[in-house]
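Colleague: I should be grateful for a close look at one part of this model, namely its enclosed and open spaces. Please explain the terms as you proceed, since I am in my first year.

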Amino acid sequence: MRLLLAEDDRMIGDSLRQALRLEGHAVDWVYDVPAAQSALAAERFDLLLLDLGLPARAGLGAEPSAGLAVLRALRGRGDTTPVIVLTARDATADRVAGLDAGADDYLVKPFELDELSARMRAVARRHAGRADPALTHAGIRLDPATRQVTQQGRPVLLSAREFAVLQALMQRPGAVLSRAQLEDRLYGWGDAVESNAVSVYVHQLRKKLGADTIQSMRGVGYFLAAAP
Ligand code: CA
């Protein structure tokens, strides 16, 4: 997933970003309300992790529920990007206000990364209108919860980035995803993008899953072949 993390606490933000990257997500991190708003206006994200206690302006201190402004502006223009709000333990009113303003779920700090990951998957699933947590296509089954992939029932071992590429393709079988769209799923803003990374991951996926599994459309992108 490509995530936007809006969190002013540098320690929490840094550890969250590292942990989420290890799970194969591309994470962009902003520290205040204006930066979150311009990021959301400029790019599409699969999920927004929104701390409600954010600085209302760059350089100021955090205010208890300033992050609600980000959520209200997003929903106000009809943007349905999934949002999980992060709140302090004693901020019940904030959680209610967050859900009322259109958040999909919330987490109370401090939280375990496992719980955040599970809630992210649940929110993404509901957003996509799927009840079954696993994606299946042409004998391949990808389970975002366990991060396991099988082909005709046999386990296939993938790296985090191979998994991310396959997941992006399996979420929209038959759709052609451009190299840039796939790079978006692999890298955040600060990351150096290796120029041929996507073709390398596609090459490795073909070796593991079969040469015909992922088709290329020259100059356009990649897509999953239909079931044989
Ligand atoms: Ca905060």
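Modeller: A definition is required at the outset: Ala, Val, Leu, Ile, Met, Phe, Trp, Tyr, Cys and Pro count as nonpolar, Asp, Glu, Lys and Arg as charged, and the others, Gly among them, as polar. Please bear in mind that this is a predicted model.

With these classes, the lining of the largest cavity holds three nonpolar, three polar and two charged residues. The residues concerned are Met1, Glu23, Gly24, His25, Arg147, Phe163, Ala164 and Gln167. The space in this largest cavity amounts to about 40 Å³, and the count of cavities of 30 Å³ or more is one.

We may now turn from the cavity to the open space. The largest pocket has a volume of about 850 Å³. Its lining comprises 31 residues, and those closest to the centre of the pocket are Met1, Arg2, Asp46, Gln171 and Arg185. Two or more residues of this lining are given by each of H5, H6 and helix H7, the last of which covers 179–186. Helix H5 supplies the largest share, with seven residues. By class, the lining of the largest pocket divides into 12 nonpolar, six polar and 13 charged residues. Met1 thus appears in the lining of the largest cavity and also among the residues closest to the centre of the largest pocket.

Helix H5 itself spans residues 113–128, and Ala118 has its place there. Ala118 has a relative accessibility of 34% and therefore counts as partly exposed, because that class lies between the limits of under 20% for buried and over 50% for exposed. The C-alpha atom of Ala118 is separated by 9.5 Å from that of Pro144, a residue 26 residues away along the chain.

Helix H6, another contributor to the pocket lining, also packs against a further helix. Two packed helices are described by the angle between their axes and the distance between the axes. For H6 (residues 160–171) and H8 (residues 197–209), the angle is about 85° and the axes are 10 Å apart. H6 is therefore roughly perpendicular to H8, since angles of 65 to 115 degrees fall in that class. On the side of H6, the contact is made by Arg161, Glu162, Val165 and Leu166. H8 contributes Tyr201, Val202, Gln204, Leu205, Lys208 and Leu209. The residues of this contact comprise six nonpolar, one polar and three charged.

How values were computed. Residues numbered from 1 in each chain as written. Predicted model: local features only at pLDDT ≥ 70, side-chain atom pairs only at ≥ 80, totals over all residues. Heavy atoms only, no water. Helix = DSSP H or I, 4+ residues; strand = E, 2+ residues; numbered from the N terminus. Buried < 20%, exposed > 50% of the residue type's maximum accessible area, 1.4 Å probe, protein only. Axes fitted to C-alpha atoms, helices over the stretch in contact; angles between N-to-C directions. Parallel < 35°, antiparallel > 145°, perpendicular 65-115°, else oblique. Contact = heavy atoms within 4.5 Å. 1 Å grid on protein atoms, 1.4 Å probe; cavity = no way out; pocket = protein on both sides within 12 Å on 5 of 7 lines; lining within 4 Å. Points joined across faces, edges and corners; volume = space filled by probe spheres on them.
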